[in-house]
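Visitor: I would love a tour of this protein. Could you take me through it one question at a time?

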Amino acid sequence: MEKETSYLGAMLTSQANLHVVLGAGALAALAAFPFGLVGAALPLLVLGVGEVIAGLVVPDLPSFRAKVDQDKRRVRRDDVRKTLLTELTRRIPVEVSASGLSSSRSQPLETADRLRMAAYNRMIEQIRALSSVARDGDSPLGEPEIERLHEAAIDFLSLWMARLVIKEREGASDLQDIRRKLAQIEQSLPNADRATVAQLRRAQTEYQGILDRHGALVGKTVAIDAALASMPDKIEEIYQMLIAAPYSKGIGDRLEDSLSRLRLADELEQELSLDLSNTLPSGVAFDHAGSNDLARIASKERARTFAQQTTINH
């Protein structure tokens with residue numbers, strides 16, 4: 001359960017308030033030399049009164065609350081990004097740097113992962129450039145739009161992770177061997193006693209469930225690959241639009257249209273997330289960044305034991 005935001009605590013620990021407190025403390029120390037304790041008490045008294053008034057007013061200001069919420073989302077987003085990148089580097093030979101991802105020199109990347117790495121790096125570069133554009137007050141691109149682009153980049157990492165997890169899932173079972181065991185069970189059932197039949201039926205259910213989940217994963221793999229291919233193109237469209245003519249007339253409507261298409265992609269990703277949570281018994285699921293960032297990736301330990309949990313006990 002997410003902890004409720006304390007806007008009063010955010011005000012008291014804000015950089016501006018800390019500067020005020022330090023300034024008042026320094027002034028009290030200076031005033032103590034010529035005027036003694038009385039001189040030191042006056043700045044501290046003014047500070048206390050000011051803090052009380054600010055505590056009653058500032059936490060309820062909509063602009064202050066929006067800024068606190070924005071900072072909180074940024075921290076949460078950075079935590080999720082860091083977790084996802086850590087999991088990626090554990091599964092494929094990539095390295096994380098300030099500029100993005102790079103392939104490991106000791107081991108080559110598969111073609112699909114190399115293309116996704118290049119797409120992610122391009123998205124990050126474009127979002128950084130658009131963030132510079134957004135700082136211009138005349139640009140139609142504001143902080144909410146920049147946040148949405150950052151969330152899209154995390155969505156990309158999430159789906160990439162989902163693709164890798166599905167690949168692990170597919171390799172965790174020998175499907176040919178499972179089909180052979182199912183055929184053996186079918187042959188053994190007519191001649192088995194009651195106790196043996198119950199055991200064979202349980203094994204049959206388990207084996208058939210593995211085949212059913214694998215079949216469901218095939219369709220999801222196609223949908224995830226399509227989303228991974230389309231998302232960089234949508235951000236590229238927004239980037240080209242804003243960089244080519246950032247102040248042209250009517251660009252606001254075109255920008256909103258492009259962001260709407262990006263949101264449609266989000267809906268598909270959210271549907272995939274729900275389906276994956278039902279398909280992958282390990283609990284690896286990816287929720288949309290705007291709803292619950294921290295639930296985007298399962299526990300690391302559960303992810304590490306993913307293959308063992310789905311391996312068939314012979």
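Guide: Gladly! This is a predicted model, and a good place to start is Arg122, which is found in helix H4.

Visitor: Is Arg122 buried, partly exposed or exposed?
Guide: Buried would need a relative accessible area under 20%, and exposed one over 50%. Arg122 has a value of 34%, so this residue is partly exposed.

Visitor: Which residues does Arg122 touch, not counting those up to four places away in sequence?
Guide: One of them lies 114 residues away in sequence, with 8.6 Å between the C-alpha atoms: Glu236. With sequence neighbours up to four places away set aside, the residues touched by Arg122 are Pro232 and Glu236.

Visitor: What does Phe156 contact beyond its neighbours within four places in sequence?
Guide: Phe156 is among the residues that touch the most other members of the largest nonpolar core, along with Leu88, Tyr120, Leu149, Trp160 and Leu242. Leaving aside neighbours within four places, the contacts of Phe156 are Arg116, Ala119, Tyr120, Met123, Leu228, Met231 and Pro232.

Visitor: Which element gives the largest share of the largest nonpolar core?
Guide: That core has 44 residues. The elements giving two or more residues to this core are helices H3 (62-91), H4 (111-134), H5 (143-171), H7 (194-244) and H8 (251-279). The largest share is 14 residues, and the helix that gives them is H5.

Visitor: How many residues are in the second, separate core?
Guide: Its members include Leu182, Ile185, Leu200 and Tyr207. In total, the residues in this second core number eight.

Visitor: Where is the kink in H2 centred?
Guide: Helix H2 covers residues 15-57, and a straight helix of 43 residues would span 63 Å. The end C-alpha atoms of H2 span only 17 Å. There is a kink of about 150 degrees in this helix, and its centre is Phe35.

Visitor: What do the buried residues of H2 pack against?
Guide: The buried residues of H2 include Ala24, Ala28 and Ala31 before the sequence reaches Gly39, Ala40 and Pro43. In an α-helix, residues three or four places apart point the same way, because there are 3.6 residues a turn. The partner of the buried residues in H2 is helix H1 (7-12).

Visitor: And how many helices and strands does the chain have?
Guide: Along the sequence, the pattern reads α-α-α-β-β-α-α-α-α-α-α-α-α. Counting up the secondary structure gives 11 helices and two strands.

Visitor: Last one: what percentage of the chain's residues are buried?
Guide: Here buried means a relative accessible area under 20%. Of the 314 residues in the chain, the buried portion is 40%.

Conventions
Residues are numbered from 1 along each chain as its sequence is written. This is a predicted model: local features need pLDDT of at least 70, side-chain atom pairs count only at pLDDT 80 or more; totals for chains, interfaces and linings use all residues. Side-chain values use heavy atoms; hydrogens and water are left out. A nonpolar core is a set of buried Ala, Val, Leu, Ile, Met, Phe, Trp, Tyr and Cys residues joined through side-chain atoms within 4.5 Å. Buried means under 20% relative accessible area, exposed over 50%, partly exposed in between (1.4 Å probe, protein chains only). Helices (H or I, at least four residues) and strands (E, at least two) are DSSP runs, numbered from the N terminus. Contact means heavy atoms within 4.5 Å. The expected span of a helix is 1.5 Å times one less than its number of residues. The bend at a residue is the angle between axes fitted to the seven residues ending there and the seven starting there.
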